[in-house]
Amino acid sequence: MGLRRHRFCFALSLLLATVLCSPLHGQNQLRFCIGAQPTTFDPLLVADGPSETVRYLTGGVLVRLDRSSQQLVPELATSWTINRTGHAITFELRQNVRFSDGTPFDARDVAYTMERLMDPNLHSPTGDAFRSSDGKVTTTIDGEYRITITFPAPVVGLDQLFDQVAILSARSPRKEMAVLGPYYVEENKAGSYLLLKRNPSYWKHDAAGRQLPYIDSIRLDIQQNRDVELLRLVRGEIDFINSLTGQQFDQLKSTAPQVAFDAGVSLDSEQIWFNQVPAAPLPGYKKAWFASTRFRRAVSSAIHRDDLARVVFHGHAQPALSLISPANKFWFNARLQPHAYDSKAALQWLAQDGFRLENGVLRDSGGHEVEFSLITNAGNKERELMAAMIQQDLGAIGIRLNVVTLDFPSLIERITRSFNYEACLLGFVNDELDPNAQMTVWLSSADNHQWNPNQKSPATAWEAEIDRLMREQASTLDLKKRKQAIDRVQEIVWEQEPFIYLVNKHALSAVSPNLHNVHPAVLRPQVYWNIEELSFATEIARNR
Amino acid sequence: MDIVAKFAARLILLIFVGGLLAATLARTSPGYGVDEEELDARLKAESIQALRTVQAKAPDAVTFYCRYMSRLIRGDLGVSIALHEPIRKLIAERSPETLKSVGLALILGWMTGLGLAAASVMTRSAWMDTGASLLAAAVLCIPVAVLALFCAMTRTPGRLVIAVVVFPKVFKYARTILVRSFDLPHVLMARAKGLGPGRILLRHILPVAAPQLLALAAISVSIAITAAIPVESLCDIPGIGQLAWKAALSRDLELLVILTMIVTCITLLANCSAELLSGRRQGVNA
Amino acid sequence: MKRVRLAAILFLVLITGTAFSAGFVAPASYARQFRDIPDASASRQHPLGTDDLGRDRLSRVLVGTRISLLLAPAAALLSTALAALIGGVAGLAGGWVRTVVMSATDLFLSLPWLFLLLTVRAFLPLNTSPLLSVVITFAILGCLGWAGAARIICADARELCGSEFILSARASGSHGIHLLRRHILPNLQPILFAQFWISIPVFILTEANLGILGLGVAEPLPSWGNLIRELEGFTVTSAPFWIFVPLILLILTVSCFQLALQKEDLWA
């Protein structure tokens, strides 16, 4: 009885908070949280989530990927064409557009932006996405509002990459603080909050001719604690949460169903990999285990992915099978199925490699007890729970798994420098639909080829095959050929399991009922991808 | 004058050593010099290499510290890599918040802790003593994160959590100190002569217990500052404690060194003041 | 109040006995995950319900009690002993020795020990058993937790050095370690007990937070600290009362330690 009363009070307070208290925070101001202080306001150097949020809200781009339809739409460019070989792209620019400080926008600004972006000394992640080979990128201004950008080699998915390129002003004294997006940064209290105000020069208008955005200002509170963030949403102090855990989602859903949204499976995945670096400070027999496909297949078969999705993510995830998520409709290889849980099959795989189960303990052919450690980053509750579940799953086939949670810098040092680890559980945060964005993961010579990076030559035949296929898909614009290559890469990854994919998480968000025109998507930013069209229901009523 | 000069010299030496040790601890810890950005799948090999080259060029702890001290003497505190702001500006903006938090915590923690301890001792009531001890035990056992969440839920200022952390320690030590002083012969005489509890406490117990209480006061400053780190991080109070936590997570060496120096300075000042006061009191009594 | 003290002692005996007979008393293995019933309510099979992974909470509380009840007081004893030794020697010696020792203590209080703990984790093999990992964690906490109390003990020892019975002891030929051991430390017992009593819950809670550094109790081993961490989420607002059992147990145990071991007869 006490419990039901408690829940009732909670629901009541939530409803009261959302109905009566919004907007608590003054006239027409959107408020939400970011997890940390943005590291930069230079849109070309954005590498972290909070900086990306600011870039999205303030940056004007030539083309925008509509997060809902996953189609490109014109923005500052009214149209564009890519030449036959994929080396060059020509943009027709929108006219009579100004930066937030009144400086006019034209082709010179695009040229300036590209010149800065492609400066090899800048080492911009956004710029690196364009680099398909060495050589200079050139821009040709064909008129005040027409520009052609030429690359030294074909760039696949070229137009889509411009979704990440916020155009800078070549002439404004305010430099990167003069923006073309719907908002500009008005105030920055480091470590506390950022205040964005509507761009008075924003070019976009709605169908009725009213200048966008509808919302006058945005306050980004820096809030690391996700529980406090949820509490603030319940109290109406913030208007949405872009990403919820399964547990938080279920709690909100049970008390205020109109607030919680499950947009479906996202592009993100969680996976384990084994350390296959030859020089790693591990015993030789363990290196042999991790290098064996059968061992990896056995571990994969022993993991109950459905349980992970159900228990850890409360059903808001689904078993993953390869590098492409099912959310990526075009590129996903629909012929593949997730590896089923089958401990018998796992033992059969192991038996083929000479492992045997004795009194509940698995031993290899040399008599070594199969025991290894799994590192993951501390503070991520979902990963800690997954690790504990995998520990039990592997225990059922006689493998002793030691779970070690580490702070993130220590973990990064182990997986990128010292290679002093055995297995690692991490997630892959994917913002790109085009699998070409994963080149540095799948090329055996690349730094992000996590299980064995920087190989001088591929260590295995299947890695050599993946290298070939990835290069092949990067060198052609023929979507059909690229799809065939990527499908084959997915098949090889499915067979060899260098990454043991566990789950693809759903995109879960929470939105105040007072916020209008919200259509949460699976692509980031899930909730505010159409920021200029968002408005408050109370404001709409007031304006009628 | 001699004492002041010695104290000043000791303070400077210890601040210097504290900074050097902090730099060494941070510089030699795992995870120093790695950047999360290296895991960005968009970065090409050259960019990752450039990141690592910058990190590899980072000097060893001693060299870093010598360069840092030479800049510090000129008033240049450097720029924080965690927050990308000048450190001087960050400290100037955030110090008042922490001073407010720690100050309030000490006042409330001492009022409650010493008050309950004195009440337990003076009333000689078993129930009073047991009740106060149970309260202190309960508060000691609740994690800071739970207290912070409770404050967030009840819209109570998060800085009160620091007071809640300080109170049980002050209570327990103060109670022990006061109990022992209560049984001294001169206090027994005062009680036998019919003096009131307040007068006995103020005139006969506290003066005798002063050196230990002063030492406790100095330690409680350290306790409060240490508690400020998780509390400010959890309650999003933009103070020095939150800054210290961010600096530790991002291995921001320059920020860590200056914050260690500040904490060392405050700890030393508190402890030396306590020593001076208790020494002066002993001199007066002699 | 004698009855209260007796009750406290009985409680401690009961809880210790139950914890060490967890193998017989627990309804299930502390590590076994009943995945069909995560976050289950209390029932006959699971008197305190189950946790996020469907593990029986009562079993985990019992095993966690064994670990925390054994190791936290041991670590507290270590830190108290170090505080007594360092503070006692400094107070007794006085002069420049006291100044140097207390300066080092102040420095010790100010340093960011987080990085030392990170370095310790880096040197430990990743396959360190959960039990060894938790023993090392508590040992480190014991070694790091002495500084605050050492200052108070030093001040106390310094006061004692001026008292008549110490002068008398010195006149009788007692000095150095003998003086410290026979005359000073026994009179510091109340302060030492205070330090011991405070350290127990502090170490239990700190151990749980050290998980962020890779230290602390590793899966699947439970401890009071990591069980109490279940309270640190927003979901605690609608959590059933049995989730608070580890916290209640900790409060009761710490209180009973206080009541059982306290020697001063304060009460009239």
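The exchange below concerns chains A and C of a predicted model.

Reader: Why is chain A called as compact as a globular protein of its length?
Author: Chain A has 17 helices and 21 strands. Its radius of gyration is 25 Å, and the globule rule gives 24 Å for 544 residues; the two values are close, so chain A is as compact as a globular protein of that length. The C-alpha atoms of chain A fill a box of roughly 75 × 70 × 40 Å along the principal axes.

Reader: What makes a residue of chain A count as buried, and what percentage does?
Author: The cut-off is a relative accessible area under 20%. In chain A, 60% of the 544 residues count as buried. For chain C the value is 59% of 268 residues.

Reader: How do you know which share of the contacts in chain A joins residues 24 or more positions apart?
Author: A contact requires heavy atoms within 4.5 Å. Of the contacts in chain A with a separation of 6 or more, 68% are between residues 24 or more positions apart. In chain C the corresponding share is 71%.

Reader: What makes up the secondary structure of chain C?
Author: Chain C has 11 helices and zero strands. The C-alpha atoms of chain C fill a box of roughly 75 × 50 × 35 Å along the principal axes.

Reader: What do carbon and sulfur atoms supply of the surface that chain C exposes?
Author: They supply 68% of about 10700 Å². In chain A, 51% of about 20600 Å² belongs to carbon and sulfur atoms.

Reader: How far apart are the mean positions of the positive and negative charges in chain A?
Author: They are 2 Å apart, for 57 positive and 61 negative charges. In chain C, with 19 positive and 15 negative charges, the mean positions are 7 Å apart.

Key: Residues are numbered from 1 along each chain as its sequence is written. Chains are lettered from A and ligands numbered from 1 in the order in which they are written. This is a predicted model: local features need pLDDT of at least 70, side-chain atom pairs count only at pLDDT 80 or more; totals for chains, interfaces and linings use all residues. Side-chain values use heavy atoms; hydrogens and water are left out. Helices (H or I, at least four residues) and strands (E, at least two) are DSSP runs, numbered from the N terminus. The radius of gyration is taken over C-alpha atoms; the globule rule is 2.2 Å times the number of residues to the power 0.38. Buried means under 20% relative accessible area, exposed over 50%, partly exposed in between (1.4 Å probe, protein chains only). Accessible areas come from the Shrake-Rupley method with a 1.4 Å probe; for residues, only the protein chains shown count as cover. Lys and Arg count as positive and Asp and Glu as negative; His and the chain ends are not counted. The place of a charge is taken as NZ of Lys, CZ of Arg, CG of Asp or CD of Glu.
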